[in-house]
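User: I've got a model open and want to know the reasoning behind some of the labels on it. Can you walk me through them?

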Amino acid sequence: MLKFIRTKAKATLAVTGLALALAVSAPALLPNAPTIAHASQTQAFSSGELVNVGHKFFGSTSSGLASLIERAVSNYGLPNGYVLGEEASGALVGGLRYGEGTLYTKNAGDHKVYWQGPSIGWDFGGDGNRSMMLVYNLNETDKIFRRYVGVSGSAYLVGGLGMTVMKHGDTILVPVRTGVGARLGVNVGYLKMRPYATWNPF
């Protein structure tokens with residue numbers, strides 16, 4: 001009987017030890033969870049950081065960048081992500097826009113992104129732009145892959161740069177653009193952000 005109790009106790013200890021080992025090693029066995037980009041002050045980008053990045057990205061055409069970023073920050077606070085990329089668009093009343101770039105965050109790495117979207121309105125011309133998008137309330141990096149609606153027009157032009165505001169739920173995109181070409185008028189449309197390239201603007 002005593003021998004049986006000792007054997008049972010050893011078995012119980014072995015099972016307990018195995019359970020503890022699995023508990024410790026379980027995180028390594030699980031698939032990677034979605035990366036999180038919290039909007040705390042330490043994980044947001046300051047105005048100075050954004051202006052410095054924008055000056056390097058836009059080069060000599062960035063004279064109005066500081067004013068636009070100050071306007072965005074005064075309205076929406078500090079972003080916890082931004083996208084740098086290039087895009088092309090054209091319109092004859094109805095228009096299309098295609099772009100690609102990289103999403104930068106402070107605590108969730110860098111991620112390739114693509115965007116497409118239609119527009120309609122009193123809008124004529126074509127342009128090729130460099131685009132810097134400020135991203136607000138990005139709690140998860142995958143959350144950027146949504147459809148964002150906004151209105152663009154000459155009211156946002158400062159020093160050769162144009163700024164628009166687009167929104168989906170509590171996530172806000174503020175694209176700042178410059179480039180070659182001309183777009184006359186005002187258009188209403190949306191951007192669909194995707195993790196892959198496609199010709200489908202919808």
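User: How do you know that the span of helix 3 is close to what is expected?

Analyst: Keep in mind that this is a predicted model. Helix 3 takes in residues 65-76, twelve of them, and its first and last C-alpha atoms are 16 Å apart. The expected span is 1.5 Å times one less than the number of residues, and for helix 3 that gives 16 Å, so the two agree closely.

User: What makes one side of helix 3 the buried side?

Analyst: Its buried residues are L65, L68, I69, A72 and V73. They sit on the same side of helix 3 because they cover an arc of only 130 degrees around the axis. As a rule, an α-helix has 3.6 residues a turn, so residues three or four places apart point the same way. On the face turned away from that side you'll find E70, S74 and N75, which are exposed. Right after helix 3 comes G77, with a positive phi near 90 degrees.

User: Why is V51 called buried?

Analyst: The cut-off for buried is under 20% relative accessible area. V51 comes in at 17%, so it counts as buried. V51 belongs to helix 2, residues 47-58.

User: Which residues does V51 touch, leaving aside its neighbours within four places in sequence?

Analyst: Those are L65, A66 and I69. Two of the buried residues of helix 3, L65 and I69, turn up there. As for S67, its C-alpha is 9.5 Å from that of V51, with their positions 16 residues apart in sequence.

User: How do you know that R194 has no salt bridge?

Analyst: A salt bridge needs a side-chain nitrogen of Lys or Arg within 4 Å of a carboxyl oxygen of Asp or Glu. For R194, the nearest side chain of opposite charge is E87, and that is 13 Å away, so R194 has none, even though it is buried.

User: What makes R194 and N200 a polar contact?

Analyst: A polar atom of the R194 side chain lies 3.1 Å from the backbone oxygen of N200. The limit is 3.5 Å, so the pair qualifies. R194 is in strand 7, residues 171-194. Leaving aside neighbours within four places in sequence, its contacts are V113, Y114, Q116, F145, N200 and F202.

User: What does the whole protein look like in terms of helices and strands?

Analyst: There are three helices and seven strands, in the order α-α-α-β-β-β-β-β-β-β from the N terminus. Of its 202 residues, 39% count as buried. Among contacts with a separation of 6 or more, 72% join residues 24 or more positions apart.

Notes
Residues numbered from 1 in each chain as written. Predicted model: local features only at pLDDT ≥ 70, side-chain atom pairs only at ≥ 80, totals over all residues. Heavy atoms only, no water. Helix = DSSP H or I, 4+ residues; strand = E, 2+ residues; numbered from the N terminus. Buried < 20%, exposed > 50% of the residue type's maximum accessible area, 1.4 Å probe, protein only. Lys, Arg positive; Asp, Glu negative; His and termini not counted. Polar contact = N/O pair within 3.5 Å; in protein donor to acceptor, adjacent residues only side chain to side chain. Contact = heavy atoms within 4.5 Å. Arc of directions from axis to C-beta.
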